[in-house]
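Colleague: I am new to this structure. Please take me through the salt bridges, one pair at a time, and tell me where the partners sit.

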Amino acid sequence: MSGKKIAIRVKAALAAGSFVFLLCTMTVALHAQTPAAAAPTTPAPTLLVAVDQRTVLSLNGDWHYIVDPYDNGLGSGRSGYPMDEEVPAGSNKLQEYSFAKSPTIKVPGDWNTQKDSLLYYEGGFWYERHFQYQPHVGHRAFLDIGAANYRSRVWVNGQLLCTHEGGFTQFDCEATQAVKAGENSVVIFVDSTRIADGVPTLKTDWWNYGGLTRDVSLVTVPQSFIDDFDLHLDRATRSKIEGYVHVEGAQQGTRVSIDLPEAKLHADGVTDASGRVAVNLAARGLSLWSPENPRLYRVVLKSGDDTLTDEMGFRTIETSGSEILLNGKPIVLHGVCIHAEAPYRSGRANNDQDVATLLGWVKELGANYVRLAHYPHDQRMTRLADKMGILVWSEVPVYWAVEFEREDVFAKSQQQLHEEIRRDRDKASVILWSIANETPNNPTRTTFLTRSANFVHQEDPTRLVTAALLVRGDSKTKYIDDPLGNALDVIGFNEYVGWYEGTPETADSIEWKVAFDKPLITSEFGGGAKAGMHGANDTRWSEEYQAEIYRHQITMLNKIPQLRGVTPWILMDFRSPVRNLPGIQDGYNRKGLISDQGQKKAAFYVLQKAYKENGLGHAE
Ligand code: GCB
């Protein structure tokens, strides 16, 4: 990105054959509840993994809603909506709300694209529905929320269960004491107001889709249950599955078993005082996961009355000098960035069809990799990436200039990283955790993000840490030397030569100076085009102009020896409130290779050719 663009943005942002089970005594603290404890709100202490693999009571569907820009329903007494009271007909009681008489909206789904009048709405919003439930003796119940953007509070039968901040990560509220036999009420208040001390902060180049944007369900588990596990191939020999299983509420000595039936692997062990069993399982001969061979194994975990089944691939990812090694072999990442924007209908992508369309296009492009920008996407995305053999960069919305000087903002970002990693550490596709995008280069920022990188390395030592950095320089020389690079395993850098800076040919004479002997990924480049608009190669917004940028960029990027990956910006046009050029943008960022209505632009084919001919980036 150009210096000018940086300046504008920073300014704007200111306003385990032999099977061995070992008791784990040391590493427990590493995965304990540290980030949650440090968080500014009161995140529920339990975070369930692989909820999508459990049998749950789905609460998706129609919910009553009340738009509440003045937070009126948060008031006490008769104005408080959480009690979810309905006054019988003919009563003299004064009640100024009624969920039963209020309209309904779909969950999952952002509110903005479900009702015309709510397109630009940001603020408080109440959701309500009833559900039938039969509590099971000796079991616990959790309300699982895939994502609620941005701040939320959850009540069951008038009892406040939890609050949560962060719009793109899953959380679980324990409802064991609140649920009753028969009919139950659940009320959720979601507030999408952008806040300066939020993650992200006030300004983003994407739509602030509010609401319960992902699946909501009630999960019933035995008194003691598997809430977390990490199983991965060891980097040194690639013939052991290492990690742990954690059983929430387990007495010391509780038995846990692991089975991979297709691989005929079995192990069992007992929990330590913290409910954890360390895993060290000899697993020679596994068919390793890769884009060419996205082999998944059924993994069955059992402890007492709880059984959790998952589907997992096994592979290693590491770097060596400027190489990225997948299963020990150099790999080049041919990718594209994706926003969680629903094709054809706009709004947040939230169903199987949405993700199948997006990742289908990725395959058609000839890519083996995606950058899921700029926040964790729906779990369907990483599940499907696992199945399709698409490698993934996953990110938290530490975007542009968040308030790096604030410790509570650091805690929020850390909480989001924790929630993201916990949900997706069972996915072989995910190889990179990105801690930030385009952040200003200053010591406060560098300290903040170095702490983030250290935190991620601690939480997940098996994957690589990256960030999309800005570059500096002029139209002749560009420098990739942001000191944050020292804390990263892989350097991502964004640049918009030919769009925000110069013309497509400007790329021809640029020399790149790189301060790190680490793998480089061009995490963004590109330019806008209105699908169907044709013109000369130098006509802005034409498909030809965008295609020309791609041609020159490909030639330029191939001159950078450490280049090991690219994710141009972006697969599909997406809504953004900062893109208002009438007739061209109309509220959409038009840098997609495909329009929001699925029309492929000329640049799509330029990139496809480069990928199919293996003509972009080389491993040594
Ligand atoms: C960027 C940002 C991305 C924007 C893109 C653009 O550098 O990382 O979020 O959407 O540029 O289109 O300007």
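Modeller: A salt bridge here is a side-chain nitrogen of Lys or Arg within 4 Å of a carboxyl oxygen of Asp or Glu. The structure holds 42 of them. This is a predicted model, in which local features need pLDDT of at least 70 and side-chain atom pairs count only at pLDDT 80 or more, while totals for chains, interfaces and linings use all residues. Residues are numbered from 1 along each chain as its sequence is written, and side-chain values use heavy atoms, with hydrogens and water left out.

Start with Arg380 and Asp352, whose side chains form a salt bridge at 2.9 Å, N to O. Arg380 belongs to helix α4 and Asp352 to helix α3 (residues 352-364), so this bridge ties together parts 28 residues apart in sequence. Helices (H or I, at least four residues) and strands (E, at least two) are DSSP runs, numbered from the N terminus. Arg380 is partly exposed, at 22% relative accessibility, whereas Asp352 is exposed, at 53%. For these words, buried means under 20% relative accessible area, exposed over 50%, and partly exposed in between (1.4 Å probe, protein chains only).

Helix α3 also supplies a partner to another pair: Lys600 and Glu364 meet in a salt bridge at 3.2 Å, N to O. Glu364 is in α3, and Lys600 is in the loop between β34 (588-589) and α8 (602-612), so the parts that this pair ties together are 236 residues apart in sequence. Both ends are partly exposed: Lys600 has a relative accessible area of 24%, and Glu364 has 34% relative accessibility.

A further pair is Asp481 with Arg472, bridged at 2.7 Å, N to O. Asp481 counts as partly exposed at 28% relative accessibility, and Arg472 counts as partly exposed at 46%. Elsewhere, salt bridges with shared partners join Asp52, Asp310, Arg383, Arg423, Asp424, Asp426 and Lys427 into one network.

Two residues already named return at the largest pocket: Asp52 and Arg380 are among the residues nearest its centre, along with Val51, Asp215 and Gln379. Its lining has 19 residues in total. A pocket is an open set of points on a 1 Å grid over the protein atoms alone, where a 1.4 Å probe fits, with protein on both sides within 12 Å along at least five of seven lines; lining residues have an atom within 4 Å of a point. Helix α4 (379-388) and strand β11 (216-222) each give at least two residues to that lining. The most comes from α4, with three residues.
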